[in-house]
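Open the model in your viewer and keep the selection panel handy. We will go from stop to stop, with something to pick at each one.

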Number of protein chains: 2
Amino acid sequence: MAVTIRDVARASGVHVSTVSRTFSAPHLVNAETRNRVLAVAEQLGYRPNRAARGLTTGRTHNLGLIVADIANPFFPPLIKAAQAHARARDYHVFVADTDEDPRVEEELIRAFTKQVDGVLLCAPRLGDRTLAKLRRQVPFVLVNRRLDGLPAVLMDVGHGARLAVEHLAGLGHRRLALLSGPEGSWNSRRIRESAADAAAAAGAELTVIGPNSPTEQGGQIAAPEVARAAVTGVLAYNDLVAIGLVEGLAELGVRVPDDVSVVGVDDIMQARLNRPKLTTVAMPTVAAGRTAVDMLLQLVGTEEPGPAALTVLETTLVVRESTAAAPVEERPARLPSGEVT
Amino acid sequence: MAVTIRDVARASGVHVSTVSRTFSAPHLVNAETRNRVLAVAEQLGYRPNRAARGLTTGRTHNLGLIVADIANPFFPPLIKAAQAHARARDYHVFVADTDEDPRVEEELIRAFTKQVDGVLLCAPRLGDRTLAKLRRQVPFVLVNRRLDGLPAVLMDVGHGARLAVEHLAGLGHRRLALLSGPEGSWNSRRIRESAADAAAAAGAELTVIGPNSPTEQGGQIAAPEVARAAVTGVLAYNDLVAIGLVEGLAELGVRVPDDVSVVGVDDIMQARLNRPKLTTVAMPTVAAGRTAVDMLLQLVGTEEPGPAALTVLETTLVVRESTAAAPVEERPARLPSGEVT
DNA sequence: CTCATTAATGCAAACGATTGCAGCTCCGTC
DNA sequence: GACGGAGCTGCAATCGTTTGCATTAATGAG
C-alpha cells in the first residue's frame, strides 16, 4: 500500500493533524516539528492523496478540458495555452476527446465531475437542454458556443467569415460555395449566417454544401460537388476541410487559386505549410485558452456565480496564396446583383 | 451542495448501504427497492462521486496519458486509439502535455497519482533513475522507451531508420545527413544508431546535425546547415522536422527531391498532404495505443506484477515523392565506399 | 412445527485527508 | 503569583462511498 499521512504521523511521533498541517498550513506548526515531519515524509516517500484531499476541501486543483477532436490542429495551441496558464496558477488540466460524439461528450463531463473543479467545453456538440442540465453537475466555461446563463469565450468567427466573403467578392468572385460544418456546431451556424449576409450584401450567390466530416477527408469528398456547382470561390468550415478540398480539386484537374479560390477558417499551422499557402480566418486560440482558464478559475473560486461573463475575441483574415482574382470568363456573364433561377 | 448517497437514502427510506448497493451491486438488492431508489436518485439528480468511490475501492476507472507535445500530429491517433479502446473497457483516459519539459512531466505524473489507476507514458523525457523512482507512485506502461523492469510497447523505429537509409543508398545517395531529435528521447538514439549502422554497411557517409527542436521550426532552422553540408539525402527525426526542412530548403533554392532527398519518421497525416508527398517511416500508432491500454489494464488488474511485458511493433517505409535518385554530378566523384577528409 | 437456509437490509468501520475546537505550555504583565 | 494571550498540538467529526458482518424475515425441508 501507499504511504499515508498516518504512517508519517506514527514515524515522526506526532498526530496526523500535525502532519496534515505541515503540508497545508505550514505556518501553524513549529519549525522544528515541521522539519522533522518533512524529513520523515521525504524518507518514506509520502505524497498527499489528492483525491482524498479533494473530498474534504471540495477542491481538486484540476481542470477538465473537452474537445471534439484532438487530431484537429486547431485545438492543440488552445490546449497548450490553457495548460500553461493553469499550471502557473497551480492547477492541472486534463484533456479528453469526444470523437465528435455528443453521447461521449456527456459521458466525459460526468466522468470529470468531482474529479476536477471545473471544465472547459470547447465547441461542444451537445444540445442546449443537455448542457443546461449538466451545468449543475460541474461548473463550466464554454468556448465557441453561446448559451444563456453560461460563461463563454467566443471567437467572433462571423466577422471573419464576413471578411472572407468580402475578400472573395472584392476579387471579382460572384458564385461562391460554403462547405458547412457539423450540425451541432455553434461556429458553423455563425459562419453560415454571416457568409450569407455578406454574400447578399456583395451581390454574390452562395451555395451551401455539406455538411461533411470537418476533416481533410470531408473536404476531399466535397471536391466533385464543388466542381459541379461551378463556383469560383469557396469558404470552408475550417482549414482541414479547405486543405482537403484543394487536394481533391487538384485530382479533378481544378487548380487553386487559378480556377477557384479557397479560404479556410482557423489558421492552423498546416495552413502556412500547405501549397498553395492557405488564405484563412485566423482564430485567437491562445488568448482563448488563457481567457477560458481565467474565467473558470474565477467561477470556481467564488461562492456565488455572479453574472455569466462573456468574452468575445476578434478574428482576422490572413490573405495568402489560395485566393486570387476570379477567372475572366466568369465575370461578364452576370450583373453584380444577379439573381438566379 | 451536490446530492449525495445520503440524500437519496433519506428520500427513499432506506439505509445508505442499500443505495450504494443499487449502484455497485444491483443483484444484492430487492428489485422493488432498487427501482424505488433508482427513481428517487434519478429525480434528485444523484451521481456517484467517483473520487470518494476511488477512496474505498482503490479503483478510479481512469487512466492517465502523458505526451511531450499534443501539437505533434504523431500523438493524436495514438491518443484516440487509447481513449476508444479504454472506453470500451469502461475506463476513461485523461491526457496531459508536458511541453517537452521533464520537470513538468514529473509533476504531471505526481498529479495523476491516485486520481488514475495507471498512466501511459509516451516517449518520456525523464531520466531512467527518476522513472524508476516514480514507478512506485503509480503503475505505468512506457511507449517508445525501454527501461528494465517496466512494461513497454515499442515501435521498432531502428528497423525503419535502417530501411530509410538503405532506400536512400539504393537511390545512389552517398552523402547523408541525420537531423537528430531531443536528447532524452529513446527513439532518437535508436534512429541514430541504426542509421549509422546502415550507412556504414551501405558505404555511405552520415553527418549528424542537431538536435534542434523536434518541430517544423527545428527543421526549417536546420536547412542552411544541411545545404552547407552538401549532402544529397536526409533522414529527419520526424515528419514535422522533415516538412520544415523541405520548406527551409525551398527558401534557399534547394529543390526536393531533385537536389536532395528527404525522408521523415512517423507518417503523420501531414506527410501525405505535403508537397512533395513525404517518404517516411510509418509508425503503428493505433496498435500502440491499444496495446498500451491492454498492458496497463492487465497491470492494474492483477495484484502482483508478473514479468514486465514488452511488445515490439513493426515499422515500415512508405515511399512517396520526397526521395529520388541522387543528382548525377554527385555520383562519379566518389567511390561507393568513399572516405572523406 | 422446528430448524437451517437464503435473501434483503441495516450497522459501523474503513479509505486518506482537513479543520474547528479544546487543551497545554510558556511567557510577560501587573 | 494569578491572569491573559500566544503558539503548538491533539481530538474527533467530517467529506461520500464501500463492504464485512450482524440482523431480520421469509422460505423450504424434514
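**Stop 1: the two protein chains.** Select chain B and chain A together. About 4300 Å² is buried between chain B and chain A, and carbon and sulfur atoms give 55% of that area. On the chain B side, pick Lys80(B), Gln115(B) and Arg275(B). These lose the most area to chain A, together 14% of what that side buries. Now colour the whole contact: 43 residues come from chain B and 43 residues from chain A. Keep in mind throughout that this is a predicted model.

**Stop 2: DNA strand D.** Select DNA strand D and show its surroundings. Which residues come nearest to DNA strand D? Of the 27 around the strand, they are Thr18(A), Thr33(A), Ile5(B), Ser20(B) and Arg53(B). Next, look at the DNA side. Among the atoms of DNA strand D within 4 Å of the protein, 62% belong to sugar or phosphate, and the rest belong to bases.

Zoom in on single contacts.

- Ser17(A): a polar side-chain atom lies 3.4 Å from a base nitrogen of DNA strand D.
- Ile5(B): a polar backbone atom is 2.6 Å from a phosphate oxygen of DNA strand D.
- Thr56(B): an N or O atom in the side chain is 3.0 Å from a sugar or linking oxygen of DNA strand D.

Switch to cartoon. In chain A, H2 and helix H4 (50-57) each give two or more residues to the surface near DNA strand D; in chain B, helix H1 (5-12), helix H2 (16-24) and helix H4 (50-57) do so. Select H4(B), which gives the most, with 5 residues. Colour the surface near DNA strand D by class, and you get 9 nonpolar, 13 polar and 5 charged residues.

**Stop 3: DNA strand C.** Move to DNA strand C. It is surrounded by 27 residues, and the closest are Ile5(A), Ser20(A), Asn49(A), Thr18(B) and Thr33(B). Of the atoms of DNA strand C that come within 4 Å of the protein, sugar and phosphate account for 58%.

Again, zoom in.

- Ala52(A): a polar backbone atom is 3.4 Å from a base nitrogen of DNA strand C.
- Ser17(B): a polar side-chain atom lies 3.3 Å from a base nitrogen of DNA strand C.
- Thr18(B): a polar side-chain atom lies 2.6 Å from a phosphate oxygen of DNA strand C.

The elements that give two or more residues to this surface are helix H1 (5-12), H2 and H4 of chain A, with H2 and H4 of chain B. Select H4(A): with 5 residues, it gives the most to the surface near DNA strand C. By class, that surface divides into 9 nonpolar, 13 polar and 5 charged residues.

**Stop 4: a helix pair in chain A.** Select residues 16-24 and residues 31-44 of chain A, which are helices H2 and H3. Their axes come within 10 Å and cross at roughly 90°. That makes H2(A) roughly perpendicular to H3(A). Show side chains: Thr18(A), Val19(A), Thr22(A) and Phe23(A) in H2(A) meet Thr33(A), Arg34(A), Val37(A), Leu38(A) and Ala41(A) in H3(A). This contact has 5 nonpolar, 3 polar and 1 charged residues.

**Stop 5: a helix pair in chain B.** Finish with H1(B) and H2(B), whose axes come within 8 Å and cross at roughly 110°. The two helices are therefore roughly perpendicular to each other. Pick Ile5(B), Arg6(B), Val8(B) and Ala9(B) in H1(B); they meet Val16(B), Val19(B) and Ser20(B) in H2(B). Here the contact divides into 5 nonpolar, 1 polar and 1 charged residues.

Terms used
Residues numbered from 1 in each chain as written. Chains lettered and ligands numbered in written order. Predicted model: local features only at pLDDT ≥ 70, side-chain atom pairs only at ≥ 80, totals over all residues. Heavy atoms only, no water. Axes fitted to C-alpha atoms, helices over the stretch in contact; angles between N-to-C directions. Helix = DSSP H or I, 4+ residues; strand = E, 2+ residues; numbered from the N terminus. Parallel < 35°, antiparallel > 145°, perpendicular 65-115°, else oblique. Contact = heavy atoms within 4.5 Å. Nonpolar A, V, L, I, M, F, W, Y, C, P; charged D, E, K, R; others polar. Near = heavy atom within 4 Å. Polar contact = N/O pair within 3.5 Å; in protein donor to acceptor, adjacent residues only side chain to side chain. Buried area = accessible area lost by both parts, 1.4 Å probe.
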